[in-house]
Amino acid sequence: MSVSQKMGKIAVAALVCTTWIVAISATAATAQAQAPAPQQKAAPKSGAVQGTTAKKTPSTARAYDRALLRPALLKDKAPEEYKVKFVTTRGEFTIDVTRAWAPLGADRFYNLVKHHFYDNASVFRAVPTFVAQFGISAYPAVTKAWKGTDIKDDPVTQSNKKGYITFATAGPDTRTTQVFINLKDNTPLDRQGFAAFGVVEGDGMKVVEMFYDQYGDNAGIDQSKIETEGKAYLDKGFPKLDIIQSAALLTSAPAAASKPVPPKRATTTKKPQ
């Protein structure tokens, strides 16, 4: 058994709830509640844009949609295909969702975006060449309301290739609100049950790849404190994190010919928690 395979098994055993993969410390393992765990620690980018670019001022926080406090009522079936536009402190990108890829995940994401769950949330976990993860609300009351709203797993029909978006988990049938975007082909995640439900469109990955990643998994970001204290906790201790200013459904129906071609299948392996 290779070293990377052994590391992969260790990461799976340490699952507690988040995404995208490397050998992490005991502290980091308990903190990453809903994400994949990295197999191999990536070295910081020397002189990388993420590490040197001045942080943009996030948009002013606004009151959240009160419907988010009653998740049991947010059960709309998603369209067979839909798009979500993200506006962030690094720029804009669009995600194309295909319901057939992972129906339960696509429906959950649709309802969250429809009611602006991700607005003003931080990209609290960005691991170079692994994943960019977000999905803990900026508002503690909203996070509390979504506790225990786990959905069943979908069969994995699409590989966790670069640019594909997937729900983070804390084990089987534990998907709630956290998602991650693969920053490279993380095919080992497929065997762990991570079902991708959408893909970043076109050049949007240039934006995603600029999310600040120098905190990585070793800066002591505590997910439980994000949940109880909200964005204020991250703003105080980790001010360089990028922000999702808004995530909204695009209502205009695109022409069939404009549908982006999914990334080519790759053989590179990688893995989340």
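The exercises below work through the sheet, one helix, the nonpolar cores and some backbone angles of a predicted model.

In this predicted model, local features need pLDDT of at least 70 and side-chain atom pairs count only at pLDDT 80 or more, while totals for chains, interfaces and linings use all residues. Residues are numbered from 1 along each chain as its sequence is written, and side-chain values use heavy atoms, with hydrogens and water left out.

**Exercise 1. The sheet**

Determine in what order the strands form the open sheet, and which strands stand at its edges.

Solution. Begin with the inventory: the chain has nine helices and nine strands, these being DSSP runs numbered from the N terminus (helices H or I, at least four residues; strands E, at least two). Next, apply the pairing criterion, by which two strands pair if DSSP finds at least two bridges between them. The nine strands then form an open sheet in the order 3-9-1-2-8-6-7-5-4, with antiparallel pairing. Strand 3 (121-122) and strand 4 each have a single partner strand and stand at the edges, so one side of each is left without a neighbour in the sheet.

Finally, examine individual pairs. Strand 1 (residues 81-88) and strand 2 (residues 91-98) run antiparallel and are joined by eight bridges, and the bridge partner of Lys85 in strand 2 is Thr94. Strand 6 pairs over three bridges with strand 8 (residues 196-200) and likewise over three bridges with strand 7 (residues 179-182); Tyr164 stands opposite Val199 in strand 8, whereas Thr166 has Phe180 in strand 7 as its bridge partner.

**Exercise 2. Helix 4**

Establish how many of the twelve residues of helix 4 are buried, and what covers them.

Solution. Start with the geometry: the expected span is 1.5 Å times one less than the number of residues, which for the twelve residues of helix 4 gives 16 Å, in agreement with end C-alpha atoms 16 Å apart. Then turn to burial, where buried means under 20% relative accessible area, exposed over 50% and partly exposed in between (1.4 Å probe, protein chains only). Nine of the twelve residues are buried, so helix 4 is largely enclosed by the rest of the structure; among them are Asp107, Arg108 and Asn111. Their cover includes strand 1, strand 2, strand 6, strand 7, strand 8 and strand 9.

**Exercise 3. The cores**

Identify the residues with the most contacts inside the largest nonpolar core, and the element that supplies its largest share.

Solution. A nonpolar core is a set of buried Ala, Val, Leu, Ile, Met, Phe, Trp, Tyr and Cys residues joined through side-chain atoms within 4.5 Å. The largest has 38 residues, and Phe86, Phe93, Phe109, Tyr118, Ile181 and Val208 have the most contacts inside it. Its largest share, five residues, comes from helix 4 (residues 103-114). Apart from this core lies another of ten residues, including Phe124, Tyr233, Phe238 and Leu241.

**Exercise 4. Positive phi**

Find where Thr129 and Asp173 lie, and whether each is exposed, partly exposed or buried.

Solution. As background, most residues other than glycine have a negative phi. Thr129 nevertheless has a positive phi of about 55 degrees; it lies in the loop between strand 4 (125-127) and strand 5 (131-134) and is partly exposed, with a relative accessible area of 42%. Asp173, with a positive phi near 55 degrees, lies in the loop between strand 6 and strand 7 and is partly exposed at 32%.

Note on methods:
Contact means heavy atoms within 4.5 Å.
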